[in-house]
Every structure is written in C-alpha cells, then in structure tokens.
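This report describes selected structural features of a protein model, from the chain as a whole down to individual residues.

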Amino acid sequence: MATPPQASPGYSKTITPQIDSPSPNPDRSPTVPATSTISPGAPRFPPPNLRKDQIPSPSIKNPTVLSPANGVKTGSPIPHLSTPPGPPVFTSPVRPAAVPFRTSPATPQPVAFSSGSSLPTSSPPHFSNGSVELQQQLPSAIEESLPNGESPCVLFSAQKVLKQKKQANVPSLGFGVLVSPGRETSPGPQVIQRDPHRCHNCGAYSNLYCNILIGSGQWQCVICRNLNGSEGEYITSSKEDLRNFPELSSPLVDFIQTGNKRPSFVPVTDSRTSAPIVLVIDECLDEPHLQHLQSSLHAFVDSVLPTTRIGIILYGRTVSVYDFSEESIASADVIPGGTSPTQENLKALIYGTGIYLSPMHASKEVAHQIFSSLRPYKLNVPEASRDRCLGTAVEVALAIIRGPSADMSRGVVKRPGGNSRIIVCSGGPNTYGPGSVPHSYTHPNYPHKEKTALKWMEGLGHEAHQHNTVVDILCAGTCPVRVPVLQPLAKASGGVLVLHDDFGEAFGVNLQRASARAAGSHGLLEIRCSDDILVTQVVGPGEEAQIDTHETFKNDISLCIQLLSVEETQCFSISMENKHDIKSDYVYFQFAIQYSNVYQADIARVITIRLPTVDSVSAYLQSVQDEVVAVLVAKRTLLRAKNYSDAIDMRTTIDERVKDIAFKFGSQVPKSKLYRFPKEISLLPELLFHLRRGPLLGSIVGHEDERSVLRNLFLNASFDLSVRMVAPRCLMHREGGTFEELPAYDLAMQSDTAVVLDHGTDVFIWLGAELAADEGRSAAALAACRTLAEELSELRFPAPRILAFKEGSSQARYFVSRLIPAHKDPPYEQEARFPQLRTLTTEQRTKLKSSFIHFDDPSFCEWIRSLKVVPPEPS
Ligand SMILES: [Zn+2]
C-alpha cells in the first residue's frame, strides 16, 4: 500500500478543537484525572498536522509488521491501525442507473445489475473551441512539485486513475470520492475577499493547475480548456509572482462573496443569535424518564452560548409555548394539539406581548425553572397510547422561528445566517393531530393512516427546510416511536433522528452537540471533472438541483446538488467511471461549495484536485485507499438495503464483490481454481467482512427501526464516522495507561486486560474477569478506557452510546458479536493475523483458548476461503 504513514483524519479529527462549540458535557461525571490513564507525556494521538503541503492519508494502514514484543502503541507518534490485512475483495457490480444522482434512502431508484463491463454512459457535450492546442504552450501556474492534491474535505478511493476504461470501470472495486463540504480544515483555508475568476465557457474556477499567460493574464480552464481573461489581474512579471494568488497556489480556497448584498457584513459571534434553537419536549413521560430528561435539559441550558436565543415548547394533547417575558415565573400559552394551529392562534402568539425566543443570558434562570417545573404523566394510560401532538408542536415551533417577518412581502424578510434548529425530545410515537398514527398497529386503517402521516411529516420537513430550519429528533426510552413516520421529518429538513436507551448521558450529550453544530444554509455543491470522467452516482444529504446557469456559462455541465444543511459531520459519496480510455497524463476534479455560514457571509469554497493517470494496474492498486473504498462500497450497498430482507441480500453482493476483485485484479493460484486477493489492497476484504457482519447489514441490531436509523445516519455520515460504523477499532489497555491497537478479533478478549471497541455509534469497554477481580487495577483500567472512549468520540455527532461491562456478563454479548471470531483458526493463522498472541505465555494462550464458547460464525479466513479466494497475506 502506497499510503504514506501520516496522520489519519480519524485521529486528527478527534483532537482538532471545534470552533465555537461550547465546552462539552458539563452534565457528565468529571473525567478521571490523567495520571493513571493514557501514556502521559507522549501524545496519545498524532498531532493534527494537516498542513497545506501535506497529503493526509485517508486510510489508516499499517505498513510495518507488528513486532511480537511490541505491538503498535498509541503512544508512538503515528498510530497504525493494525487490522490484519484482509481478504480480497470482489464483484458483482452495482451498476449505476442512467440518472447519476440518487438521493439517499427515501427515493432510491432501481439499480440495474449486470456483471458485464458495459456501462450506460451519457455523452456530455464535447468541447472543441479551438483552445486545445494551447495546452502545450502554456506553462501552468506553478509547475514543479505540484501536489496531486488531496484535501481533508475530499478523499479519493485512489490517488491514481487507470487509463483503460475496461480496467477502470470494474464496478466491484470502483472509483469515487468522499466530499465533506462543511468540514473544518486545520489550519483554515486561504480566504479570498474578492470575486473568483470563472471560466466563461463551463463555469469552473481558476486554480493552481491552470496554464497562465503572464503577459496577458489569460488563464486556461483545466476542465474544458477554454482560454479566459482575468481582467488583467493575472498579469505578472514572473511565474513566481502568481504564487501570491491563493487560488493559484492552494488546492482549497474560500472566496467570501462581498458583492453589494451585505456591504456591512460583520463577522461577529453575535450574529449567530439570528438562528435560534427551539426545544420541543414530550410531556408524556413517566417519573424516571422525566428525571433523566430534566438533568439533561438543565445541563443543556448551562452549555448554550449566552447569546443563543432559545425557545421551549411542550407537547402532549396540547402545545404549551413558554413565555420568557415574566422574569421569574414559568408560564406558557396553550394551543390545542388536535389540528394544525390556526392563523388566529399563531397571530396571538406572534403579535402578542409574550417573548418566546430569548437569548440565554437573559433567560437562563427562567429556563431552569421551566425544566424544574415539568411533571410526570398522570393518567393511567400505557406509554404508547398517550396523546402526543408532535406534528402540531413542530408547526408552532416553525411559526415562532419565522416570527412576524413571515407576513412581510418578499425581499424584506431578513435572511438569517446559517440554519435555525428545532430539537424534538421524544419518548413515544406521534399519536394525536396532524401526522399522527393510531396507538395500535391493529387499527383497521393503520397502513393507510401511516402512509398519510408519513407524507405529512415529509411535507413539514420540506417546509422547515424552506425556512432554513433543521429538525433533529432525539428519541429515548423503550416505547417504540414509530421511526418510519418520524424519519421523513428529520430527513427532509436536513436533520437527524437518533435513538437512545434513555434520556441520560448519551442523550444529554447529543442534545448539546445538536445545538452546537455550526450549520450553513443555502448550500450548493457543484462537481466538475475532466471530460474523461463520468459521475455515476451521488449518495448524501441533498438533492439534485436544476439550476440554469447557461446565461452566464454557455457550457456548464456541472452536476449540481442542493444541500439541506452544510455541516462538518456530513459527507457526499460520489461514484465515478471513465467515459473512454484516457489519453492525458492527468485528470482534474473541481468541487465548489457555495453556502451562507453562521456569520451570514456567503462563501464559495473551491477545491481542485489533479490525479495522475496510469496504465499499470499494480500502480493503480498501490494507490488505492482501502478505507475510502470500503466506505464508498458500504454507502452504495446500504442505499439498497432498505429493509432487513434487502440487507440479507446485500451480504451476498459483498461476497460477490470480494470474489470479483480477486478474479479481476488478483492472480490465479497455479493448478487450482482459487484466486489470490491482490496484496496491494489487503485491508479491504476484512473491512467488508466487518460490514457484512456488523450493525448495518448483519444481525447484531435487534429491531428493524434501529437498523433503519443507523442506515440513515450512515448514508449521510462523514468519512470518520462512516469508517468506524463499517469496521470497529479495537484498543487494548496496557499497564501504564497506554493502549495497543489490535485487529478487532475475539482473540483480544484476554482475561487480564481491558479492551475498548469503537464501533462508531457504540463504544464498548470490556473488562476481563481476571482484571476485574483486582479492584485497584480494574478501576484504573476502567478510568483510562473511559477517558479514551470519550476522546475518541469527542467531536462525533451523534455521540455514541458508551457501555462498560465485565467478561461473562450478559452485556458482553454486544461486544463479542462485533469481533471477528478467530478462536477456531489454526494457531499459525491466528499468529499471522493477530501477532500480539506471540507475546502471551503458553499458560495464557491455553486460558484464552478455553475461554471461548463454541459458535458457528465463520472466521475471516473461513469466510474468504468459502468464496474460493485465498486470503491476502497480512502486510
Ligand atoms: Zn471551462
């Protein structure tokens, strides 16, 4: 694997401080002092050294063999994910449909399946404007040592592109890119406060790869080869002077549109107050749930920035809107919940004397009083049957956010910067008023009612989006909330739906993180690439936008996506193919994201990437980023796994994929029918094996609602969260507070140790029985594990559930089922893939061996051999 051993973004991200986020989790028990914890002195994680000139590796690979005496410690400067090289991968291609863009789960389109190699390619206009010949003569802006480009916002599945169409378009492996439009970069991007130069022909932006005539200031577009003027701006006396233009020297730049729209743009934190947060709270909770919720809400109030305006709404059979105008009393206006609020109801609220949105600094005490005054549900009605008018409550919240300005004529409405938020705290289904479903599934008209409710909720989500409001729904408790009905509301607005066991810690953390997420609005992502490349599919939180720019740009063939919200934690997964055999040495990709940030500035972020083309399959494979490929594959696969039975079918396609990759890119074992998986991408098959067994496609998750929630999160999730949701990361606690990274195999369950397993939405802490028996040692180990778990997920949204348990407890099964069962494999195979075993004494190994109970799940090696593929050697 050609990956340079650099910081993985996963790690970097965990330590990049998040701008503007309030200090997390005051409600949590204080974290344990670091003394007994993790490798004091040495950095636990590599520093977030994403320097501009450095190409961050998106994939954590381990080029070195773990020495038996010394597993890779996270205390070392560069942690490696020592997941043993996995098996080879495979193939039956998921064929892109003719329409390239697919919104994530809601409206999946049929995907044609074929194992042939011909693809439905569209034939976009070919440019022949006579400027092609210029290509040879023009020097590019900066010729030498141009990075081929990667940015933390853009992760390609390979650093090279195969020239031959037939080889490049093998869909089992596929080529594509993950784009995170809102991702913070460190250091921040170069900011340019003037209008960008754009190609008159295709709309692409000038960039560091452009050929420039310094005498005339003309620049040649890398996408369509058109020659454009720069109004003399690029006229310089030498090529070196061009470096002074950030867009000609950096692959990522942010243009702040000054224009004349907001001449008095002031980037102050206060402007954030223009986008309020409204909490919409279920009032039908029993005592224990309510107590948890109250402490989460109190902690939330203490965490919110003083300038943030918040509103508080309760819903049950009615909607109560809390009024902050009384300084020391919790008082509320009550609206009936059975139907959508009438104009009279809303006018009374909006034009009345009450204050329903108030900055935290003015109303903190009142907010605490309101939350203290909440009372448990009194009637003798089962949880699931209580009247809850969630739909009406969200309508009222929207009306308050819009305020009187909603009545003003168009153009006068002042546009807030960023998105407003409605955060619903729900403990049960919406059973009353618009968008509701009957209490009982056995209701004779249930299917019809559900369909109507679903549609209504989706409409409400769209309405929220039109008013730049994101609706997050945080559910908790054991009462089924009817996920299919609530999901469309969150999704259509650009929000998320998250399930929690209770209203306690994880819920409280998510309440704070949901409110602290910086969200840009009015986002638009434009994708332009060299004429050799075709975008075949896009998965992510947006929809294809039909925008006619042809008056400005004659031949704009960009793929344009309207974003629901622009957030750090989101990502688009874009699949691409070669349209034909490529003749040129490089292909170019440009991603332009336009949005309004929370400070009301209009930003155009432009990222330009150049990748070299190659004939050699091996050179290509060496440039492949296994983890990015795994995430791209997983997103395409999950898009089609709409329900449990689809998910089972998708496991088979994973098998086919692994077989096909071995067949197309591997080598045949002499005198046998077996194929060897290509060693260059040895990590990939194991990642896919995890995908197949894990919560997204496997049988780990108990309820289909839960799987559906995970699937929706996953389809929009950033690379960092996505890769963890696909394959867990296993870290073993060591004496002295360090952690050793190990393959996520059940062989890690060694009785005298503690292990942290990070699976994205869940983090488990497992304490071996022998360790647990020693009180002092186990307390220190548990504290260290706990600190690590919190650090690993510090910036994650949603925050994971963190569970700790002892070996042999009933909860331990959550943990075991996520590890690859390798205990039945022969010792030489175990040692090859899990070298840490060699450090154990004979006695310890015997003990380990006897600790496993027998079950039928195949090990990784058994699985891949069943596909007639020889597992790749661990690298
Ligand atoms: Zn152009």
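## Overall composition

Of the 875 residues in the protein chain, 60% are buried. The model is predicted. Its protein chain comprises 22 helices and 31 strands. When contacts between residues at least 6 apart in sequence are considered, 78% join residues at least 24 apart.

## The zinc site

Four cysteine sulfur atoms coordinate the zinc ion: C199 (SG), C202 (SG), C221 (SG) and C224 (SG), at 2.2 to 2.4 Å. Along the chain, these donors follow the spacing C-x2-C-x18-C-x2-C. C202 belongs to the loop between strand 4 (190-192) and strand 5 (211-213), whereas C221 belongs to the loop between strand 6 (218-220) and strand 7 (227-228); the pair, 19 residues apart, links distant parts of the chain. Both C202 and C221 are buried.

Which geometry does the site of the zinc ion have? The angles among its four donor atoms run from 99 to 115°, and the site is tetrahedral. This assignment follows because four donors count as tetrahedral if all angles lie between 85 and 135 degrees.

## Two helix pairs

Helix 4 (residues 287-303) and helix 6 (residues 360-372) have axes that come within 10 Å and cross at roughly 175°. Helix 4 is therefore roughly antiparallel to helix 6. On the side of helix 4, the residues involved are Q294, L297, H298, V301 and D302, and they meet M360, K364, A367, H368, F371 and S372 in helix 6. By class, the residues of this contact of helix 4 with helix 6 comprise five nonpolar, four polar and two charged.

One residue of this contact may be examined individually. H368 lies in helix 6 and is buried, with a relative accessible area of 16%. Apart from neighbours within four places in sequence, H368 is in contact with H298, V301 and D302.

A second pair is formed by helix 12 (residues 626-640) and helix 16 (residues 719-726), which pack at an angle of about 80° with their axes 10 Å apart. Helix 12 is therefore roughly perpendicular to helix 16. Helix 12 contributes E627, V628, V631, A634 and K635 to the contact, and helix 16 contributes F719, S722, V723, R724 and V726. The contact of helix 12 with helix 16 contains six nonpolar, one polar and three charged residues.

F714, in helix 15, has contacts in the regions just described. Leaving aside neighbours within four places in sequence, F714 is in contact with V631, A634, K635, L638, L696, S722, M725 and V726. Is F714 buried or exposed? F714 has a relative accessibility of 0%, so this residue counts as buried. The C-alpha atom of F714 is separated by 9.8 Å from that of G760, although the two residues are 46 apart along the chain.

## An enclosed helix

Helix 9 (residues 483-493) is largely enclosed by the rest of the structure, because 10 of its 11 residues are buried. The buried residues of helix 9 are V483, V485, L486, Q487, P488, L489, A490, K491, A492 and S493. Their cover includes helix 7 (390-402), helix 8, strand 15, strand 16 (497-500) and helix 15 (704-716). G494 follows helix 9 and has a positive phi, near 95°.

## Local backbone features

Two residues other than glycine also have positive phi; the table sets out their values and settings.

| Residue | Phi | Location | Relative accessible area |
|---|---|---|---|
| N468 | near 55° | loop between helix 8 (446-466) and strand 15 (469-476) | 12%, buried |
| K671 | about 55° | loop between strand 24 (667-668) and strand 25 (675-676) | 90%, exposed |

N468 is thus a buried residue with a relative accessible area of 12%, whereas K671 is exposed at 90%. The cut-offs behind these terms are under 20% relative accessible area for buried and over 50% for exposed.

Where does the chain contain a cis peptide bond? The bond from F797 to P798 is cis, with omega near -5°. P798 is located in the loop between helix 18 (775-792) and strand 30 (801-806).

Methods. Residues numbered from 1 in each chain as written. Predicted model: local features only at pLDDT ≥ 70, side-chain atom pairs only at ≥ 80, totals over all residues. Heavy atoms only, no water. Donors = N, O, S within 2.8 Å, 3.2 Å for Na, K, Ca; no water. Tetrahedral: all angles 85-135°; square planar, octahedral: opposite > 155°, others 65-115°. Helix = DSSP H or I, 4+ residues; strand = E, 2+ residues; numbered from the N terminus. Buried < 20%, exposed > 50% of the residue type's maximum accessible area, 1.4 Å probe, protein only. Axes fitted to C-alpha atoms, helices over the stretch in contact; angles between N-to-C directions. Parallel < 35°, antiparallel > 145°, perpendicular 65-115°, else oblique. Contact = heavy atoms within 4.5 Å. Nonpolar A, V, L, I, M, F, W, Y, C, P; charged D, E, K, R; others polar.
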